[in-house]
Amino acid sequence: MYQAPRGTQDVLPEDEKYWRYVEGTAAKIAEQFGYGLIRTPAFEDTSLFVRGVGESTDIVTKEMYSFEDKGGESLTLRPEGTAPVLRAYLEHGMANRSQPVRLYYLMSMYRYDRPQAGRYREFHQFGCEAIGDGAPMVDAEAILVAWRFFEALGLRDLTVQLNSIGCRACRPAYLAALVRHFTEHQMGLCHDCQRRLEINPLRLLDCKQERCQPAILSAPASVDHLCEECRVHFAETRELLEGLSLPLVPNPRLVRGLDYYTRTVFEIWPPVVGGQSSLGGGGRYDGLMEQLGGKPTPAIGFATGLERIILKLKEQGIAVPEVGKPDLYVAHLGDVASVPAFQLANEARRVGLTCVAAVGSRGLKSQMRQANNLGARFAFILGEQEVQDGTVTIRDMLESKQWQEPRQAALARVLETKG
Ligand SMILES: [Zn+2]
Ligand SMILES: [Zn+2]
């Protein structure tokens, strides 16, 4: 027996309502802010991610699905959306459009990661990128889009964690202070952090190992090492957000897993945070466009994980609109009625109803069981007599009542109930 590859999942029709709800809400909120949907290829040149995501990151060193195609090109299934979106921005000359260019995506991503609850090797993200303007108002707006999305989903008790990690001018001094601090505590650090200390000291702040926590808690904060421009930028961003009544939590330890972030970084956290449970996050990445061969272009964005969000919706018991439940099921009794029932079902669809027809030769009891399992609101039952006098027996599946009615009146009743 075949199984879906490790770290992937099938989404069955009964779960579709969650996907429809989350993706529909994402599209609605993003478009309310003037973001346009972009779709990029599932794979790109490997070097786009090596340059764009950062050579020292876990994604590039351990998690990419890279392969050589039959023409000898090295390609990689996209592990994230920002580098592809920037590549598209450059390729299509979007610098000539009015800035900022606001783009959102709903796409699958691929990372060879250890699967666990809410974490898959093929997963889906809703993300936004605002490219071409460095004003604090753009930062505040991007954070607001992310927040409005979670708020509109109805998720409770979330917080917006906010930090600034400085720019090219002020980051080196901060990194030096971090290295000094962690070198003093080097004996207590986990193996990964020993390595990070040499490659990317910022990532030590992100370590979840128990033994590293004391050193992390006493580490210098980036906000105390910002240059004047970064300090003003962060203060203005915060001020704008504070006027919007978000559940904002300044978090001096917050860093992001990717190398390209500058200044503002943020994450959306559920009430209990452990390991990988952030629902989404992002930040400013003013240096990335240059790294990909473009002109210096300020930009900010975020991404959210749809599988984790759906898990959280279920955990919090949030009711989402049903999808795919038929308005009507058309059953038949006896051979004479089966073709007229098939035709009546088609008529029902033509007037706008979702209608499932009983097909084959199963008995009425089995047909009604199917109507019930599908969650049909009404059922029509056609027998020999109904066919003769142009009526149906209509059954209200919710109220468990049934009566006979002329066909057109019965159809009108189902349509009216549908609203
Ligand atoms: Zn700075
Ligand atoms: Zn550690």
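**Two zinc sites, a mixed sheet and a one-sided helix**

The zinc ion (ligand 1) is held by four protein donors, Cys 167 (SG), Cys 170 (SG), Cys 227 (SG) and Cys 230 (SG), lying 2.3 Å from the metal. As the coordinates come from a predicted model, the geometry described here is computed from that prediction. The 4 donor atoms around this ion subtend angles of 99 to 114°, which makes the arrangement tetrahedral. Along the chain, the donors of the zinc ion (ligand 1) follow the spacing C-x2-C-x56-C-x2-C. Two of these donor residues can be placed with respect to solvent. Cys 167 has a relative accessible area of 14% and is therefore buried, the limit for that class being under 20%. Cys 170, at 6% relative accessibility, counts as buried too.

The zinc ion (ligand 2) is also bound through cysteine sulfur atoms: its protein donors are Cys 190 (SG), Cys 193 (SG), Cys 207 (SG) and Cys 212 (SG), at 2.2 to 2.4 Å. The site is tetrahedral, with angles of 102 to 115° among the 4 donor atoms. In sequence, the donor residues of the zinc ion (ligand 2) show the spacing C-x2-C-x13-C-x4-C. Both Cys 207 and Cys 212 are buried. Lys 208, by contrast, is partly exposed, with a relative accessible area of 48%. This lysine sits in the loop between α7 (191-199) and α8 (213-217). Lys 208 and Ser 366 are 158 residues apart along the chain, and their C-alpha atoms are separated by 54 Å.

Attention can now turn to the sheet. An open sheet is formed by 5 strands in the order β13-β12-β14-β15-β16, with mixed pairing. β13 (355-357) and β16 (401-406) stand at the edges and have a single partner strand each, so one side of each is left without a neighbour in the sheet. From one strand to the next, the twist averages 25°.

Within this sheet, what joins β12 to β14? Strand β12 (residues 328-332) runs parallel to strand β14 (residues 378-382), and 5 bridges join the two. Val 330 has Phe 380 as its bridge partner in β14, while Ala 331 stands opposite Ile 381 of that strand. The pairing of β14 with β15 is antiparallel and comprises 4 bridges. Here Phe 378 stands opposite Asp 396 in β15. Strands of a sheet pair through backbone hydrogen bonds, either parallel or antiparallel, and β14 takes part in both kinds of pairing.

β14 is mostly covered, as 5 of its 5 residues are buried. In a regular strand the side chains alternate between the two faces of the sheet. Accordingly, the buried residues of β14 are divided between two sides, with Phe 378, Phe 380 and Leu 382 on one and Ala 379 and Ile 381 on the other, and both faces are covered. Two helices pack against these strands. Helix α12 (residues 335-350) lies across β12, β13, β14 and β15 (391-396), running at about 165° to β12. Helix α15 (residues 407-418) also packs on the sheet, where it touches β12, β14, β15 and β16, and its direction makes about 125° with that of β16.

A further helix offers a neat case of one-sided burial. Which residues of helix α2 (residues 46-53) are buried? They are Thr 46, Leu 48, Phe 49, Gly 52 and Val 53. These residues cover an arc of only 160° around the axis, which puts them on the same side of α2. The pattern fits a familiar rule: an α-helix has 3.6 residues a turn, so residues three or four places apart point the same way. The cover over the buried residues of α2 includes the helices α3 (58-63), α4 (82-91) and α10 (288-291), together with the strands β2 (43-45), β3 (66-68) and β4 (74-77). Helix α2 is followed by Gly 54, which has a positive phi, near 115°.

Finally, helix α5 (residues 136-153) contains Glu 151. At 41% relative accessibility, Glu 151 counts as partly exposed. Between Glu 151 and Gly 24 there are 14 Å in space, C-alpha to C-alpha, although the two residues are 127 residues apart in sequence.

Methods. Residues are numbered from 1 along each chain as its sequence is written. Chains are lettered from A and ligands numbered from 1 in the order in which they are written. This is a predicted model: local features need pLDDT of at least 70, side-chain atom pairs count only at pLDDT 80 or more; totals for chains, interfaces and linings use all residues. Side-chain values use heavy atoms; hydrogens and water are left out. Buried means under 20% relative accessible area, exposed over 50%, partly exposed in between (1.4 Å probe, protein chains only). The arc is that of the directions from the helix axis to the C-beta atoms. Contact means heavy atoms within 4.5 Å. Donors are N, O and S atoms within 2.8 Å of the metal (3.2 Å for Na, K and Ca); water is not among the atoms, so sites may look incomplete. Four donors count as tetrahedral if all angles lie between 85 and 135 degrees; four count as square planar and six as octahedral if opposite donors are over 155 degrees apart and all others between 65 and 115; anything else is irregular. Two strands pair if DSSP finds at least two bridges between them. Axes are lines fitted to C-alpha atoms, for helices over the stretch in contact, and angles run from 0 to 180 degrees between N-to-C directions.
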